[in-house]
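This report looks at the surroundings of a ligand, then at a pocket and at a pair of charged side chains. The order follows the topics rather than the sequence.

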Amino acid sequence: MSTLSINNLHANINDTEILKGLNLDVPQGEVHAIMGPNGSGKSTLAKILAGHEDYVVTEGSVAMNGKDLLDMEIDERSREGFFLAFQYPHEVPGVSNANFLRAAIQARLPKGEELDAVAFYKELYAVMDELDMDRKFTSRAVNEGFSGGEKKRNEILQMMMLKPEYAVLDETDSGLDIDALRIVAKGVNAMRSPDRGILLITHYQRLLDYIVPDKVHVMSDGQIIRSGGKELALELEEKGYDFLTKDLATANA
Ligand code: ADP
Ligand code: MG
């Protein structure tokens with residue numbers, strides 16, 4: 001039951017089918033990686049899980065701890081424990097980073113319970129220190145004018161403060177220099193827990209040198225075409241995606 005379970009997911013955007021029967025299980029306690037060429041549908045999957053309105057699910061289901069994820073409103077998904085770190089994080093002008101996080105955490109508390117502001121800031125500063133983020137980012141508007149790398153770090157800050165049961169990180173490594181990549185990986189590794197499932201979406205093997213996944217899946221043309229252990233990422237790095245897609249073409253011939 002403690003799993004994010006995607007079954008035979010088909011989804012369209014503007015009447016074009018992007019996901020074509022995708023199956024994937026991410027249990028709590030594990031870190032899975034999805035790799036795949038550009039345009040294979042990785043971000044589409046991430047956005048559908050988060051509840052993006054532009055995508056139409058035509059077939060299949062997603063269960064989070066046995067509950068129908070696709071039936072939930074966006075905010076409900078988040079309160080139920082789902083988190084997405086966006087490939088292209090949104091800017092929220094006029095809302096400070098600290099207030100944004102406070103509101104998000106407050107929304108998770110039982111009715112009538114007030115967030116302890118002192119404890120909140122203590123934790124926020126500790127996490128920011130861990131991520132090597134300057135304190136000025138507490139008062140700046142969410143992601144507004146942040147550099148690419150700062151936005152990615154900010155997504156990890158949100159994840160660490162919200163402590164989701166399932167976190168999907170969409171190309172959090174892209175646009176990071178090696179020092180920032182190490183810091184982000186340290187944050188993600190600190191979040192590994194028996195109570196949490198993590199799905200890393202990445203184009204490059206490099207991230208997986210720092211966050212070693214339990215399983216690696218390869219996505220191509222809207223489906224998972226191969227799953228394996230962490231060594232699959234190394235094989236891909238060496239041979240490129242072509243060898244798998246060619247395999248598939250032969251198998252389907
Ligand atoms: P990935 O993250 O694996 O690079 P995406 O999920 O972003 O891939 O995109 C998958 C496919 O969906 C691509 O071919 C892309 O062009 C297409 N796509 C994404 N958004 C739209 C849209 N709004 N209209 C039409 N096609 C789209
Ligand atoms: Mg993408």
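In this predicted model, the shell around ligand 1 is made up of three nonpolar residues, seven polar ones and one that is charged. The residues that surround the ligand are Ile13, Asn14, Ile18, Pro37, Asn38, Gly39, Ser40, Gly41, Lys42, Ser43 and Thr44. Helix 1, which spans residues 42–50, provides the largest share of this shell, namely three residues.

Polar contacts with ligand 1 are listed below.

| Residue | Protein atom | Atom of ligand 1 | Distance |
|---|---|---|---|
| Asn14 | polar side-chain atom | nitrogen | 3.1 Å |
| Gly41 | polar backbone atom | oxygen | 3.1 Å |
| Lys42 | N or O atom in the side chain | oxygen | 2.9 Å |

Taken alone, ligand 1 exposes 570 Å², and the protein buries 61% of that area.

The next topic is the largest pocket, which holds about 690 Å³ of space. Its lining consists of 27 residues, of which Ile74, Ser78, Leu84, Phe86 and Phe100 are the closest to the centre of the pocket. By residue class, the lining of the largest pocket divides into 14 nonpolar, six polar and seven charged residues. Several elements contribute to the lining, with at least two residues each from helix 1, helix 2 (74–79), strand 6 (82–85), helix 3 (97–106) and helix 5 (148–162). Among these contributions, that of helix 2 is the greatest, since five residues of the lining of the largest pocket come from it.

Helix 2 also contains a charged pair, for both Arg79 and Asp75 lie within this helix, where four residues, or about one turn of the helix, separate them. The two residues form a salt bridge, in which the closest N and O atoms are 2.7 Å apart. Such pairing is possible because side chains of opposite charge can pair when their charged atoms come close. The cut-off for a salt bridge is 4 Å between a side-chain nitrogen of Lys or Arg and a carboxyl oxygen of Asp or Glu, and by this rule the count comes to nine salt bridges.

Note on methods:
Residues numbered from 1 in each chain as written. Chains lettered and ligands numbered in written order. Predicted model: local features only at pLDDT ≥ 70, side-chain atom pairs only at ≥ 80, totals over all residues. Heavy atoms only, no water. Near = heavy atom within 4 Å. Polar contact = N/O pair within 3.5 Å; in protein donor to acceptor, adjacent residues only side chain to side chain. Areas by Shrake-Rupley, 256 points an atom, 1.4 Å probe, with all protein chains shown as cover. Nonpolar A, V, L, I, M, F, W, Y, C, P; charged D, E, K, R; others polar. 1 Å grid on protein atoms, 1.4 Å probe; cavity = no way out; pocket = protein on both sides within 12 Å on 5 of 7 lines; lining within 4 Å. Points joined across faces, edges and corners; volume = space filled by probe spheres on them.
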